[in-house]
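Okay, thanks for making time, everyone. I'd like to walk you through the inside of this protein, so have a look at the screen.

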Amino acid sequence: MSGPAELDIPLDRPGRIFGAMRLPWSHDESAYGQIVVPVIVLNGRPGPTVLAVAGVHGDEYEGQVVLGDLARDLDPASLAGRLILVPSANLPAAMVGRRTSPIDGGNLARVFPGRGDGPPTMQIAEGLMRLLLPHADYVLDLHSGGRTLEYLPCAWSRLPGEALQRKQTLDALAAFGAPDAGVVLKPQSQGTFLAAAHNAGKIAISSELGGAGALTPKTLAIARTGISRFLGYAGLVGPKPAPAPVRFLSVEPQHFVRAPGRGLFEPAATLGDAVRAGDIAGRLHDLERPDRAPEIVRFAADGILLCRRAPAPAEMGDVLAHLGRPVEPAELL
């Protein structure tokens, strides 16, 4: 069933249009309130449509900043096509710097395709699916590690099952041009916008652009360059970008290191390090039992340290680190 979300702007008007996706939200402070998700459309000459989304998690900032800059600064007349920007898709979460919504606790990256009669986070997902995704030829869903994780800045995608879509996904990851590209072979996370875009037949990739709840010149530069190159790959701006040297990293279940209990995690490796199975990933300190020596946590596979936990305190089951295994694109095909 269609939900209550509506766009307050046309998508086909020439030029630069600032507007929003709106859905009703009645609460204690506003009986007839709304959730207002900013949407910006840049229409140039006839051509393909790119839908670029950030802020699906509110504590992931690189994409939100860069898409906001793009909305203000990019000249629509320079585009051979249309660019639809949603800088803060989960605006309620973005306003409080949280991964999940303060309204209903929903994780927008786990509820696609959404539900029109569901709670607000599901209604946001349903609105993005119904109002924006059908118009897109290419989709860019920008993420980073948020407050709890820090990534080696990279392009990112799961690998679709269909052969042509796999090739298109790898081409798009290479076109983004980040130094690394993480490829998830057996995704554990379902309900993502990226998965929904792939299921809809779109050429779609994501990113993991740093994290730790911070912005850096390096991660912002990779985001800006990657988006510019992706627009060139899609044909919205010219010329088409030249191939960039990209290291593909396969992300597999055995690459994840989880906390065996509660404690302070002391990492033993730095992002980008090459490690071997059996190497020490770090030590977990039990503050309640200072008589106990720290527990040694080890890697279960060879690989490159692609991600680590940012805050030292960890609970049982938290991801402390994960690896990526260098692969050639032909192996992924």
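Keep in mind that what you're seeing is a predicted model. Let's begin with the packing. The largest nonpolar core has 42 residues, and the ones with the most contacts inside it are Leu83, Leu85, Phe176, Phe230 and Phe248. Helix H6, residues 217-234, supplies the largest share of that core, with eight residues. There's also a second, separate core of 34 residues, and Val86, Leu131, Val139 and Leu194 are among them.

Back to Leu85 for a second. Leaving aside residues up to four places away in sequence, Leu85 touches Pro38, Val39, Ile40, Leu42, Ala52, Leu67, Leu70 and Ala71.

Now, the pocket. The largest one comes out at a volume of about 790 Å³. It's lined by 35 residues, and closest to the centre you'll find Arg110, Tyr151, Trp156, Ser189 and Glu208. Several elements give two or more residues to that lining, including strand E7 (149-151), strand E8 (154-158), helix H5 (193-199) and strand E10 (203-208). As for chemistry, the lining divides into twelve nonpolar, twelve polar and eleven charged residues.

Last thing, cysteines. How many disulfides does the structure hold? Zero. Take Cys154: the nearest cysteine sulfur belongs to Cys307 and sits 8.9 Å away, and Cys154 is in no disulfide. A disulfide would need the two sulfurs within 2.5 Å. Cys154 is buried, at a relative accessible area of 0%, and Cys307 is buried too, at 1%.

That's my tour, so over to you for questions.

Terms used:
Residues are numbered from 1 along each chain as its sequence is written. This is a predicted model: local features need pLDDT of at least 70, side-chain atom pairs count only at pLDDT 80 or more; totals for chains, interfaces and linings use all residues. Side-chain values use heavy atoms; hydrogens and water are left out. On a 1 Å grid over the protein atoms alone, a cavity is a set of points where a 1.4 Å probe fits but cannot get out, and a pocket is an open set with protein on both sides within 12 Å along at least five of seven lines; lining residues have an atom within 4 Å of a point. Grid points are joined across faces, edges and corners, and a volume is the space filled by probe spheres set on the points. Helices (H or I, at least four residues) and strands (E, at least two) are DSSP runs, numbered from the N terminus. Ala, Val, Leu, Ile, Met, Phe, Trp, Tyr, Cys and Pro count as nonpolar, Asp, Glu, Lys and Arg as charged, and the others, Gly among them, as polar. A nonpolar core is a set of buried Ala, Val, Leu, Ile, Met, Phe, Trp, Tyr and Cys residues joined through side-chain atoms within 4.5 Å. Buried means under 20% relative accessible area, exposed over 50%, partly exposed in between (1.4 Å probe, protein chains only). Contact means heavy atoms within 4.5 Å.
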